[in-house]
Amino acid sequence: MIARQLLAAEGGNEFQAPGTEIFDWGPLWDGAPSWLTKPTLIVALSVIIVCGFFWAAFSKPKLVPRGVQNIGEVGYLFVRDQVARPMIGKDGDKWMPFLLSTFFFILVMNLMGVIPVLQLPAPSHIAFAIVPAAVVYVLMVFLSIKHQGLGGWFKNMMFPPGLPAWLYIILAPIELLSTVILRPFTHAVRLFANMFAGHLLIAFFASVGYWFLIEKLTPLGSGLGVLGFVMSVVMTGFEIFVQALQAFIFTLLAASYIGGALHPDH
Amino acid sequence: MSNLLAAAAVAAEEGGHGNPLLPHASELVFGTISFAIVLILVGWKLVPQIQKTLEERTDAIEGGLKRAEEVQQEAKETLEAYKRQLAEARHDAARLREEAKEQGAQIIAEMRQEAQAEARRIVEAAHAQIEADRQQALQQLRAEIGALSVELAGRVVGESLEDSARQSRVVDRFLAELEERTRTQERISS
């Protein structure tokens, strides 16, 4: 599909590496509403998959779990024991509704990048990374002020106790900048950039393979085409790892921000 | 980051494509609604259910263990009570056996004493009876012998005591008569 687009765009004999245009998607069909694009369709599918899975797993929970409930419980225990409890502490279980939803929603949106035909990680459109990051940021600010007070929050943030006085001159502005201003930005961009770059990489190797093996098959170029094909397979495997890791890191940071807001002394 | 910014810059230069770092308003709205749906359905409704179930499971397992412990404790106590009762019962039985043995011996001794007394009494009574019978027989004999002797003497004197043959005849006749008398007496009495 990408290669065809390229051909249509260039129409020449030279290989053209795919650029940011591969992230531009118009309405699904002529006359469709402008918001109904492939990325929004993928997000809608993710919502259906996440809700459907957890509905099947948890809607009628049994004391002795059977089938899907077992898998759902493994997911729940993973997020609880690896994210919520280490980051927030004993009251981490109270934040499991938010953390579990966030983790699996982002995980499924990310994994859409390697599902055949769909093959677009939704957070490669920055809006879908900004939304959860913004919710986490609002939660963090709200909880910090609620549990520490506005002054207490800034004091704990900028003047952590036990450091030599002169260090605060440097530390205070850095902490203020990193916590209040950079945090939501890095939180969102970390997810977005990984998905964006990963998709671009796979698209690049796939179009190399398609171009040199199918569009312009030459004895010299075929080796490059095979390399492109092999690399696109390898990168797909690597991307599955990165997609899962980024969903985990995003949730881990969200829990860490919430934990920091609730217990500033840690 | 710098790569991304470069890519964004390239995209911006090309002009035909949007800056990937700038979110689309429609996607922000759509993403917010989607995230809200997931949070409400999964977070607000489903996760509390599984949390409740997990708690119940923990309770069930811990409760089960506790109940088993209690039952075991109870069984142990019951066993000890039974053992104690059994020991008591054994002790009682031994004591009773001892008592019974003593009582038995006592009873046997008493019985023997009584029997001996009884035997002595019977023997004494028999002796007395025999003595009485003998006295009676003696008296009767004395009376009869007296009368018989007088009668015999009368006959002997009445007949002439010539020869011994006659004498013996007289005696024999007398004895036969005597026998006859006795027999008729018996016949009458029977």
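These legends go with a set of close-up views of a predicted model of chains A and B.

**View 1. Chain A, an all-helix chain with eight helices and zero strands.** Start at the N terminus and the elements simply read α-α-α-α-α-α-α-α. Along the principal axes, the C-alpha atoms of chain A fill a box of roughly 70 × 55 × 40 Å. Chain A has 266 residues, and 38% of them count as buried. Take the contacts in chain A with a separation of 6 or more, and 62% of them join residues 24 or more positions apart.

**View 2. How far to trust chain A.** The mean pLDDT here is 90, with 95% of the residues of chain A at 70 or more. Helix α4 (residues 96-111) of chain A comes out highest, at a mean of 96, while helix α1 (residues 2-10) of chain A comes out lowest, at 46. Go easy on the start of the chain: over residues 1-11 of chain A the pLDDT stays under 50, and the model has 13 contacts beyond four places in sequence for that stretch.

**View 3. The largest nonpolar core, with 68 residues.** Val50(A), Ala84(A), Leu99(A), Leu100(A), Ala255(A) and Ile258(A) are the residues with the most contacts inside this core. At least two core residues come from each of α2 (38-58), α3 (68-88), α4, α5, α7 (167-215) and α8 (219-262) of chain A, and α2 of chain B supplies at least two as well. The top contributor is α7(A), with 14 residues. As background, nonpolar side chains tend to be buried together in soluble globular proteins.

**View 4. Leu99(A) and what surrounds it in the core.** Which residues does Leu99(A) touch once its neighbours within four places in sequence are left aside? The contacts are Val79(A), Val83(A) and Ala84(A), plus Thr251(A), Ala254(A) and Ala255(A). Two of these partners, Ala84(A) and Ala255(A), are also on the list of residues with the most contacts inside the core.

**View 5. Helix α5 of chain A, residues 127-148.** This helix has 22 residues and reaches 31 Å from first C-alpha to last, close to the 32 Å expected at 1.5 Å a residue. Its opening stretch is buried at Ala127(A), Phe128(A), Ala129(A), Ile130(A), Val131(A), Pro132(A) and Ala133(A). Further along, Val136(A), Met140(A), Ser144(A) and Gln148(A) are buried too. It helps to remember that an α-helix has 3.6 residues a turn, so residues three or four places apart point the same way. Right after α5(A) comes Gly149(A), with a positive phi near 80°.

**View 6. Leu41(A), a residue of helix α2 of chain A.** Buried needs 20 or more other C-beta atoms within 10 Å and exposed means 12 or fewer. Leu41(A) has 17 C-beta neighbours inside 10 Å, so Leu41(A) counts as partly exposed. Pro123(A) is 82 residues away in sequence, yet C-alpha to C-alpha the gap from Leu41(A) is 13 Å.

**View 7. Pro219(A), a residue of helix α8 of chain A.** Is Pro219(A) buried or exposed? Pro219(A) is exposed, because 6 other C-beta atoms lie within 10 Å. Phe159(A) sits 60 residues from Pro219(A) in sequence, and their C-alpha atoms are 66 Å apart in space.

**View 8. Chain B, with three helices and zero strands.** Its elements follow the pattern α-α-α. Of its 190 residues, 7% count as buried. Chain B is divided into domain 1 (18-158) and domain 2 (163-190), and the centres of those two domains are 85 Å apart, taken over C-alpha atoms. Mean pLDDT for chain B is 85, and 87% of its residues reach 70 or more. By element, α2(B) has the highest mean, 92, and α1(B) the lowest, 46. Over residues 7-16 of chain B the pLDDT is below 50, and that stretch has eleven contacts in the model beyond near neighbours in sequence.

**View 9. Where chain B meets chain A.** Here 36 residues of chain B are in contact with 40 residues of chain A. On the chain B side, α1 (2-14) and α2 (25-158) are the elements that give two or more residues. The largest share, 25 residues, comes from α2(B). Sort that side by class and you get 22 nonpolar, eleven polar and three charged residues. For the complex, the predictor gives an ipTM of 0.90 and a pTM of 0.70.

Note on methods: Residues are numbered from 1 along each chain as its sequence is written. Chains are lettered from A and ligands numbered from 1 in the order in which they are written. Domain bounds come from an automatic or database domain assignment. Two residues are in contact if their C-beta atoms, placed from the backbone, lie within 7 Å. Helices (H or I, at least four residues) and strands (E, at least two) are DSSP runs, numbered from the N terminus. Ala, Val, Leu, Ile, Met, Phe, Trp, Tyr, Cys and Pro count as nonpolar, Asp, Glu, Lys and Arg as charged, and the others, Gly among them, as polar. pLDDT is the predictor's confidence in each residue, from 0 to 100. The expected span of a helix is 1.5 Å times one less than its number of residues. A nonpolar core is a set of buried Ala, Val, Leu, Ile, Met, Phe, Trp, Tyr and Cys residues joined through C-beta atoms within 7 Å.
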